[in-house]
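Please read the following account alongside the coordinates, taking the strands, the helices and the charged pairs in turn.

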Amino acid sequence: MKTLEPLFDDVCGSETDAGAERSSAADVERDVVRNPRRRYILAYLYDHENPVGLRALAAGVAATENDAEVDDLTSLECDRVYTALAASHLPQLQNAGLVEFDTDGKEVTLSPAARRNRRLRQYVEEFSE
């Protein structure tokens with residue numbers, strides 16, 4: 001059984017790395033990546049260099065959660081994920097500095113800092129399967 005706690009310090013850094021400010025940022029990242037749906041979002045975005053539409057992202061996440069192909073999903077399954085992403089998950093990821101979410105254009109992209117964070121990517125890939 002995989003556990004998450006030991007990897008959080010590796011992914012986000014430990015308190016001794018650079019003081020309390022960095023620790024606070026690491027705490028935010030830990031809380032954000034603790035949620036499976038947010039890890040699915042990050043995994044999807046790591047696979048896409050360009051901004052993706054919110055509908056496409058919601059469908060990709062719904063497919064992962066339902067272990068199905070996008071074409072096999074119901075509109076209800078996609079709509080539920082879409083609503084949760086727009087209202088909760090994407091704002092949290094944006095506040096943590098991990099994604100850029102254009103609410104007007106309904107497009108999402110991985111932030112440059114998140115794209116450069118190899119440990120985060122490895123963690124997301126390992127725990128999003």
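In β3, the residue that bridges to D102 is E107. This partnership can be read in this predicted model against the wider pairing of β2 with strand β3 (residues 107-110), which runs in the antiparallel sense over four bridges. The two strands belong to an open sheet of three, ordered β1-β3-β2 and paired antiparallel. Because β1 (52-53) and β2 (99-102) stand at the edges, each with a single partner strand, one side of each is left without a neighbour in the sheet.

Two helices lie across these strands. Helix α3 lies across β1, β2 and β3 and runs at about 80° to β3, while α5 lies across β2 and β3, at about 135° to β2.

The two helices also meet each other: the axes of α3 (residues 36-46) and α5 (residues 75-95) come within 11 Å and cross at roughly 85°. An angle between 65 and 115 degrees counts as roughly perpendicular, and α3 is therefore roughly perpendicular to α5. On the α3 side the contact is made by R37, R38, I41 and L42, and on the α5 side by V81, A84, L85, H89, L90, Q92 and L93. Sorted by class, this contact of α3 with α5 comprises seven nonpolar, two polar and two charged residues.

What remains is the pairing of charges. Side chains of opposite charge can pair when their charged atoms come close. The structure holds four salt bridges, and one of them joins E49 to R115, with the closest N and O atoms 3.7 Å apart. This pair links distant parts of the chain, since E49 sits in the loop between α3 and β1 whereas R115 belongs to helix α6 (residues 112-116), 66 residues apart. E49 counts as exposed, at 60% relative accessibility, whereas R115, with a relative accessible area of 22%, is partly exposed.

A further salt bridge brings together the side chains of D79 and R55, at 3.2 Å from N to O. Here too distant parts of the chain are linked, with D79 in helix α5 and R55 in helix α4 (residues 54-66), 24 residues apart. D79 is partly exposed, its relative accessible area being 35%.

The salt bridge between E125 and R121, at 2.9 Å from N to O, lies within one helix: both residues are in α7 (residues 118-126), four residues apart, or about one turn of the helix. E125 is partly exposed at 34% relative accessible area, and R121 is likewise partly exposed, at 29%.

Note on methods. Residues numbered from 1 in each chain as written. Predicted model: local features only at pLDDT ≥ 70, side-chain atom pairs only at ≥ 80, totals over all residues. Heavy atoms only, no water. Axes fitted to C-alpha atoms, helices over the stretch in contact; angles between N-to-C directions. Parallel < 35°, antiparallel > 145°, perpendicular 65-115°, else oblique. Contact = heavy atoms within 4.5 Å. Nonpolar A, V, L, I, M, F, W, Y, C, P; charged D, E, K, R; others polar. Pairing = 2+ DSSP bridges. Buried < 20%, exposed > 50% of the residue type's maximum accessible area, 1.4 Å probe, protein only.
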